[in-house]
Amino acid sequence: MTITEVSKKYEITPDTIRYYERIGLLPEIPRTKSGIRDFDEESCRWIEFIKCMRSAGMPIEALIEYITLFKQGRKTITSRKQLLIEQREILLEKQNEIKKTIEKLDYKIELYNEIEAGKRKDFMEK
């Protein structure tokens, strides 16, 4: 696949893909004889993984650390797993914060529904 095809498939700009390649987040991308990037399945899996982790809020630095460990082979599995566990814990905390915010919004929306329906007269907005 060309960089344009990959860009469309994963909804990520070609510049971002080039950036990820430049900073070492992507393994060496195969190239055609004329030097054009020719993304294979493995390259696409890496892009999918990076996009997923970035959309989850994983910092570039943590991804670089993960990739660096990955390149070192099986001896780093425990370290890689720990890095992913830490990122999962961060996401769970964010999920909890979002849940609390949604609950507050639901409360306010229900309050306004009651006011609009004339069920609450004790509420005065200034």
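This passage describes helix H2 and the aromatic pairs of a predicted model.

Helix H2 spans residues 14-22 and includes Glu-21. Three residues of H2 are buried, namely Ile-17, Tyr-20 and Glu-21. Viewed along the helix axis, these buried residues lie within an arc of 100°, so they line one face of H2. The opposite face, turned away from the buried side, carries the exposed residues Asp-15 and Arg-22. On the buried side, the residues of H2 pack against three other helices: H1 (3-10), H3 and H4. Just after the end of H2, Gly-24 adopts a positive phi of about 90°.

Glu-21 was examined in more detail. The relative accessible area of Glu-21 is 18%, and Glu-21 counts as buried because this value falls under the limit of 20%. The side chain of Glu-21 is joined to that of Arg-37 by a polar contact of 2.6 Å. When residues up to four places away in sequence are left out, Glu-21 touches Leu-26, Ile-29, Arg-31 and Arg-37. Arg-37 therefore appears both in this list of contacts and as the polar partner of the Glu-21 side chain, while Glu-21 itself belongs to the buried set of H2, for which the limit is under 20% relative accessible area.

The aromatic rings were considered next. A pair of aromatic rings is described by the distance of the centres and the angle of the planes. The model contains four aromatic pairs. One of them is formed by Tyr-19 and Tyr-20, whose ring centres are 6.0 Å apart and whose planes meet at 45°, a tilted arrangement. The two residues of this pair fall into separate accessibility classes: Tyr-19 is partly exposed, with a relative accessible area of 34%, whereas Tyr-20 is buried at 9%.

Another tilted pair consists of Phe-49 and Tyr-66, with 5.2 Å from centre to centre and 35° between the planes. This pair links distant parts of the chain, as Phe-49 belongs to helix H3 (residues 41-55) and Tyr-66 to helix H4 (residues 60-71), 17 residues apart. Phe-49 is partly exposed because its relative accessible area of 22% lies between the limits of 20% and 50%. Tyr-66, at 11% relative accessibility, counts as buried. Both residues also belong to a cluster in which ring pairs link Trp-46, Phe-49, Tyr-66 and Phe-70.

How values were computed
Residues are numbered from 1 along each chain as its sequence is written. This is a predicted model: local features need pLDDT of at least 70, side-chain atom pairs count only at pLDDT 80 or more; totals for chains, interfaces and linings use all residues. Side-chain values use heavy atoms; hydrogens and water are left out. Helices (H or I, at least four residues) and strands (E, at least two) are DSSP runs, numbered from the N terminus. Buried means under 20% relative accessible area, exposed over 50%, partly exposed in between (1.4 Å probe, protein chains only). A polar contact is a pair of N or O atoms within 3.5 Å; within protein, one must be able to donate a hydrogen and the other to accept it, and residues adjacent in sequence count only if both atoms are side-chain atoms. Contact means heavy atoms within 4.5 Å. Rings of Phe, Tyr and Trp (its six-membered ring) pair if their centres lie within 6.5 Å; planes under 30 degrees apart count as stacked, over 60 as edge-to-face and the rest as tilted. The arc is that of the directions from the helix axis to the C-beta atoms.
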